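This report goes through a single protein chain, moving from one residue to the helix contacts, the cores and the chain as a whole. Please keep the sequence and the coordinates at hand while reading.

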Amino acid sequence: MPQSLHAGEGVVYPRSMRILHWVRAVLILALIAAGWHMTRLAEDDPTAGFFYVNHKQFGILVWLVALVQLTLRWRYSAVIPGLPPALRGWEKMMSHAIHRLMIALTVLIPLLGYAMSSSFTQSDGVPFFFLPHLPELLPKNDAAFAVFQALHKYAAYLLLACVVLHVAGTLKHRFEDRNGPTDVLPRLTP
């Protein structure tokens, strides 16, 4: 049974959700950094292949983690803590918008990357750890590739902006109201 406390003491997310939150956070930040780095490498750079293959594999992993996390949100919906009542109206609205957008982008960005790789005429496919190639669902089309590439890139930048806002909000409440009614960090830490 998930651990929860009464309103005055705060509420803790179920352990599985806390673990997935931090795993997803690390994976997303690593994928954004790797994506930024690998797209600046020369085509003949010997490390390019390593970055591209792992970016694809871990992108699929993030997508799967996001689906599991959505399933857990649904399963634990009765015990997931709501926003602290002490938050101002605009803070609640901003928090809801950022969280929903991050969840949607975490599902969408890997799909855009998959579509990008699937439609690129020179793609080696999308491996997934012990599977050499996942099925390519789109026909090869470099014009479609260019669209998916732009969408993937700008959606990743939007996700990064959401992550920055999410972390900034968490830190603001952590240091401004430590252990107070708007400090939500203890909900997601052990």
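In which helix does Gln 69 lie? The model is a predicted one, and in it Gln 69 is part of helix H2. With a relative accessibility of 9%, Gln 69 counts as buried, because buried residues are those under 20% relative accessible area. When residues up to four places away in sequence are not counted, Gln 69 touches Met 17, Leu 20, His 21 and Arg 24.

**Helix contacts**

These four partners of Gln 69 also appear in the contact between H1 and H2, where Ser 16, Met 17, Leu 20, His 21 and Arg 24 are among the residues of H1, and Phe 51, Tyr 52, His 55, Gln 69 and Leu 72 are among those of H2. The residues of this contact divide into 15 nonpolar, seven polar and two charged. H2, which spans residues 48-75, also meets H3, and that contact includes Lys 56, Trp 63 and Arg 73 of H2 together with Ile 103, Pro 110 and Tyr 114 of H3. Here the division is 10 nonpolar, three polar and two charged.

The table sets out the axis geometry of the two pairs.

| Helix pair | Axes come within | Crossing angle |
|---|---|---|
| H1 and H2 | 9 Å | roughly 155 degrees |
| H2 and H3 | 9 Å | roughly 145 degrees |

H1 and H2 are roughly antiparallel to each other, because their axes cross at roughly 155 degrees and angles over 145 count as such. The crossing of H1 and H2 is left-handed, and the crossing of H2 and H3 is left-handed as well.

**Nonpolar cores**

The largest nonpolar core has 15 residues, of which Met 102, Leu 105, Ile 109 and Leu 159 touch the most other members. At least two residues of this core come from each of helix H1 (15-38), helix H3 (89-119) and helix H4 (142-176). Leu 159, with its neighbours within four places in sequence left aside, is in contact with Ile 28, Met 102, Leu 105, Thr 106 and Ile 109. A second core, separate from this one, consists of eight residues and includes Tyr 13, Leu 72, Ile 80 and Leu 188.

**Two partly exposed residues**

Is Ala 97 buried or partly exposed? Ala 97, which is found in helix H3, counts as partly exposed, because its relative accessibility of 45% falls between the limits of 20% and 50%. Although Ala 97 and Cys 162 are 65 residues apart in sequence, their C-alpha atoms are 9.4 Å apart in space.

Phe 129 lies in the loop between strand E1 (126-128) and strand E2 (131-134). Most residues other than glycine have a negative phi. Phe 129, which is not a glycine, nevertheless has a positive phi of about 50 degrees, and with a relative accessible area of 35% this residue is partly exposed.

**The chain as a whole**

The protein has four helices and two strands, and read along the sequence these follow the pattern α-α-α-β-β-α. Taken along the principal axes, the C-alpha atoms fill a box of roughly 60 × 30 × 25 Å. Of the 190 residues in the protein, 37% are buried. Among contacts with a separation of 6 or more, 66% are accounted for by residues 24 or more positions apart.

Methods: Residues are numbered from 1 along each chain as its sequence is written. This is a predicted model: local features need pLDDT of at least 70, side-chain atom pairs count only at pLDDT 80 or more; totals for chains, interfaces and linings use all residues. Side-chain values use heavy atoms; hydrogens and water are left out. A nonpolar core is a set of buried Ala, Val, Leu, Ile, Met, Phe, Trp, Tyr and Cys residues joined through side-chain atoms within 4.5 Å. Buried means under 20% relative accessible area, exposed over 50%, partly exposed in between (1.4 Å probe, protein chains only). Contact means heavy atoms within 4.5 Å. Axes are lines fitted to C-alpha atoms, for helices over the stretch in contact, and angles run from 0 to 180 degrees between N-to-C directions. Angles under 35 degrees count as roughly parallel, over 145 as roughly antiparallel, 65 to 115 as roughly perpendicular and the rest as oblique. A crossing is left-handed if the near helix is turned anticlockwise from the far one by less than a right angle, and right-handed if clockwise. Ala, Val, Leu, Ile, Met, Phe, Trp, Tyr, Cys and Pro count as nonpolar, Asp, Glu, Lys and Arg as charged, and the others, Gly among them, as polar.
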